[in-house]
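These are my notebook entries on the pairings between side chains that I looked up. I began with charged partners and turned to cysteines afterwards.

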Amino acid sequence: MASSFPLFGCQKVSVTEEEGFVDLTIGVKHETLDNGRLRIDACGNLGGEVIAFRIELAPDWKERQIEGTDQFFYFGSGAFIRMGVETDRFISKLAALYGVAPIPFAARESLDFQVVGLASDPRQILESVVKMKFFLNAEAGENLYSEVFVNTDLKGGRMDWNEKDPEYRAPLIKSLSR
């Protein structure tokens, strides 16, 4: 199936494998929707093929002070959204990098998740780098529950998709796949 994204319209995805973790840096573009949600489209060239996916973050964030400090966690929600065959390819390539059994992967159309801003305020995402942790299938059992760190630098046009724990590899791939 042909890609709807031009191969050379997306930057090369940087893959770092260090101390048993696999991390990706992907180019992004963003827009704020009429309903206040922030849409972040990630697109990259990984191994000569285009990968892409969409993240949407809800505008409502609940602030909670970290006990014994003057810092805060910020709790919110969002969704991982399929953008076509490029998202299927992202999941397949991520599974290969993770060493998860090679089967044809098709992305879910959408997967809601919980998110927490880690000592950075997601309400400031348009102005500064924001570090977040996504919780996928938070109510599910351990075969589907997973976490991933997502750091965004929207001014710089990039997103870091950082592995939280190798134990979450298979559940993360299962969560994102249909």
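I looked first at R123 and D121, whose side chains meet in a salt bridge with an N to O distance of 2.9 Å. As the model is a predicted one, I treat this distance, like the others below, as a computed value. The two partners sit differently with respect to solvent: D121 is buried, its relative accessible area being 15%, while R123 is partly exposed at 42%.

Next I took up K164 and E147, and I found their side chains joined in a salt bridge at 3.8 Å, again N to O. I noted that K164 belongs to the loop between β10 (158-163) and α2, whereas E147 is in strand β9 (residues 146-153), so this pair ties together parts that lie 17 residues apart in sequence. For accessibility I read 8% for E147, which therefore counts as buried, and 26% for K164, which counts as partly exposed.

I then asked myself which residues are joined into one network by salt bridges that share partners. I found that E31, R37, R39 and E56 are linked in this way.

My next entry concerns E109 and R178, whose side chains form a salt bridge of 3.9 Å, N to O. I placed E109 in the loop between α1 (85-98) and β7 (110-118) and R178 in the segment after α2 (169-176), so the pair ties together parts 69 residues apart in sequence. Here I found R178 exposed, with a relative accessible area of 63%, and E109 partly exposed at 49%, a value that falls under the 50% cut-off for exposed.

To set these pairs in context, I searched the whole structure, and the search returned 15 salt bridges. The pairs described above are among them.

I closed with the cysteines and asked how many disulfides the structure holds. I counted 1 disulfide, formed by C10 and C43 with their sulfur atoms 1.6 Å apart. I recorded a torsion of about 60 degrees about the S-S bond of C10 and C43, and therefore noted the disulfide as right-handed. Since C10 lies in the segment before β1 (14-18) and C43 in strand β3 (residues 38-46), the pair ties together parts that are 33 residues apart in sequence. Is each cysteine of the pair buried or exposed? I noted C10 as buried at 10% relative accessibility, and C43 as buried too, with a relative accessible area of 13%.

Technical notes:
Residues numbered from 1 in each chain as written. Predicted model: local features only at pLDDT ≥ 70, side-chain atom pairs only at ≥ 80, totals over all residues. Heavy atoms only, no water. Disulfide = S-S within 2.5 Å. Helix = DSSP H or I, 4+ residues; strand = E, 2+ residues; numbered from the N terminus. Buried < 20%, exposed > 50% of the residue type's maximum accessible area, 1.4 Å probe, protein only. Salt bridge = Lys/Arg side-chain N within 4 Å of Asp/Glu carboxyl O.
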